[in-house]
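Subject: The structure, and some notes on it

Hi,

Here is the structure I promised to pass on. Please open it alongside this email, and my notes follow just below.

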Amino acid sequence: MTKKGESMENNSNLLSDPQELIDYLNTETKKVLDMFAQAGCDDIFTNFAQSWTELASRSFEDPTVWIRAFTDYQQNQMNLWTNLLTGKTAETVAEPARGDRRFQAEEWSQNPVFDYIKQSYLLSSKLLQEMAANAKLSDQEQKKLEFYTQQYIDALSPTNFAVTNPEVLQQALETKGQSLVDGLKNLLTDAEKGRISMTDESAFVLGENIATSKGSVVFENEMFQLIQYTPSTEETFSRPTLIVPPCINKFYILDLQEHNSYVKYCVDQGQTTFLVSWLNPTIEQGNISWDDYVEKGILEANRVVKEITGSDKLNAVAWCVGGTLLASTLAVMAARKDTSIASATFFTTLLDFKDPGDLCVFIDEQQVKKLENKVTNQGYLSGRELATSFNMLRSNDLIWSYVVNNYLKGQTPPPFDILYWNSDSTNLPAEMYTFYINNMYLENGLREKDQVTICGEKIDLGKIKIPCYFLSTIEDHIAPWKGTFEGTELLKGKNEFVLGASGHVAGVINPASKNRRNYWINGELGQGADHWLESSERQEGSWWPHWAEWLKRRAGKKVPAPETAGNDTYKEIEP
């Protein structure tokens with residue numbers, strides 16, 4: 001048997017001693033926490049300690065806030081103890097916040113001991129939250145303190161540990177310990193992968209039931225592969241569509257399954273559709289720059305698409321950091337008098353980074369410098385580490401719920417295509433990343449005329465005068481919609497802004513076939529985001545058809561669909 005198999009065989013003997021099994025399980029859970037630490041989560045406790053050390057030193061200036069908070073806390077704890085000792089369990093001292101799903105099981109309120117554990121934890125959490133909220137630091141430091149305080153609180157929830165989670169103990173009893181053994185299997189599997197499984201990854205096979213739209217790779221270089229998708233209509237528009245995904249995840253977020261594939265939707269609308277699949281850089285490719293993504297990436301893809309189709313212009317679509325790269329490219333093209341991209345569509349794209357959303361807690365000179373040194377030494381920013389940072393923004397939903405379900409309860413998460421994609425992360429080259437984080441997030445230089453130089457050109461977004469379609473989402477915590485709205489004022493063409501429901505991913509992948517949610521259109525531009533929303537019109541369903549109509553007016557005449565991919569120069573390399 002393999003070492004893993006031997007380990008599991010030995011662990012099964014622990015069933016004869018439940019306490020030993022629980023102790024062992026907590027030891028294994030610590031290994032997962034160590035795994036998180038290697039992925040960057042050690043910053044939770046480091047930054048929490050640093051922030052609270054500073055806060056404690058400031059408290060001597062006005063100790064009344066601390067005294068008042070601790071007095072209230074002690075009084076509530078005394079009331080909680082009194083209720084427990086006198087049997088008044090119906091009298092609640094602390095309640096979970098609305099939307100907190102961790103304590104929904106009946107045991108948390110009906111069992112006096114676990115009810116006490118829950119309420120005591122909530123009281124301690126409230127104390128830390130109030131102390132952090134009243135720290136009166138600068139805006140940046142205040143957000144950072146509150147964020148790492150919440151991370152610390154979430155990590156130490158009694159739901160995250162077997163001996164203090166009644167659901168875990170009850171399930172272990174009902175399954176005669178099998179749930180704990182299954183949890184150990186899940187734990188060992190994830191430890192080998194170095195990340196938490198958020199979905200049943202065995203349910204998906206690339207090219208079979210995910211990323212299935214028919215197409216061919218027709219060009220490749222050291223930066224990307226160019227995919228041309230097979231038409232599904234007899235005629236296509238003469239002007240092709242080039243899609244530029246983010247380079248921090250795999251391209252197939254735009255081609256998940258048949259019912260929710262944005263690529264398939266484009267093809268079915270009669271668009272001759274091309275898509276960039278970015279490289280996943282290794283340590284040897286750490287010197288790939290932002291300029292390379294523009295010059296050897298988007299500009300090269302633009303050239304090849306025009307040569308294959310014979311069209312002198314194309315329409316470009318980009319998402320998130322792909323959109324920031326596209327805007328950089330358009331500014332370079334404007335400086336060079338190149339008008340071959342006729343229109344641009346930006347999904348949840350920041351061009352003005354003054355409000356980076358929840359990511360602001362990771363972005364200050366000290367943290368950036370520390371990460372920059374690490375990235376430079378290892379040659380790239382690990383996609384796994386980047387994914388962990390994003391997950392930390394919603395840690396109860398995206399980290400701790402899986403720790404409980406996968407490892408303590410021994411459950412396998414259900415299949416979910418978006419979470420499968422989310423786990424399939426890519427790295428960023430060190431040079432590209434350091435340029436991006438410094439010039440965009442720290443200095444916000446892209447919005448300023450001539451402050452940033454890309455591919456030898458001074459960048460002026462005001463010179464971009466082509467029609468642009470901006471799609472943002474109202475619950476986006478990575479690219480806040482009011483921040484992305486600023487793009488409509490930086491780019492000087494005829495702009496269209498559309499606000500979709502939901503968040504950064506689900507708001508974009510909102511297929512017309514299901515026609516769910518809603519979106520807003522036709523607000524008045526030029527007077528800020530709030531005024532735009534006040535003057536906008538709410539529409540039901542998916543925004544995809546609205547965009548398709550917008551693009552149709554810029555897609556040229558209908559011509560017979562190409563019978564084969566590529567041309568004599570650019571032949572199919574692989575499916």
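A word on terms before the details: I call a residue buried when its relative accessible area is under 20%, exposed when it is over 50%, and partly exposed in between (1.4 Å probe, protein chains only). Helices (H or I, at least four residues) and strands (E, at least two) are DSSP runs, numbered from the N terminus.

Please keep in mind that this is a predicted model, where local features need pLDDT of at least 70 and side-chain atom pairs count only at pLDDT 80 or more, while totals for chains, interfaces and linings use all residues. Residues are numbered from 1 along each chain as its sequence is written, and side-chain values use heavy atoms, with hydrogens and water left out.

Let me start with helix α12. This helix covers residues 365-378, and its 14 residues should span 20 Å at 1.5 Å a residue (the expected span being 1.5 Å times one less than the number of residues). The end C-alpha atoms are indeed 20 Å apart, in agreement with that.

Which residues of α12 are buried? They are Q367, V368, E372 and V375. Viewed down the axis, these buried residues fall within an arc of 130° (taken from the directions from the helix axis to the C-beta atoms), so they line one face of α12. Q366, K370 and N377 are exposed on the other side of the helix. Just after α12 comes G379, with a positive phi of about 90°.

Now to the charged pairs. Side chains of opposite charge can pair when their charged atoms come close. I count a salt bridge when a side-chain nitrogen of Lys or Arg is within 4 Å of a carboxyl oxygen of Asp or Glu, and the structure holds 24 of them.

One of these joins E222 and K296, whose closest N and O atoms are 3.5 Å apart. E222 sits in the loop between β1 (215-220) and β2 (224-229) and K296 in helix α10 (residues 290-309), so this pair ties together parts 74 residues apart in sequence. E222 is partly exposed at 44% relative accessibility, and K296 is partly exposed at 36%.

Another salt bridge links R336 and E457 at 3.3 Å, N to O. Because R336 lies in the loop between α11 (321-335) and β7 (341-347) and E457 in strand β11 (residues 457-458), the pair ties together parts 121 residues apart in sequence. R336 is partly exposed, at 34%.

Finally, D190, K193, R195 and E201 form one network through salt bridges that share partners. Within it, E201 and R195 meet at 2.6 Å, N to O.

Best wishes
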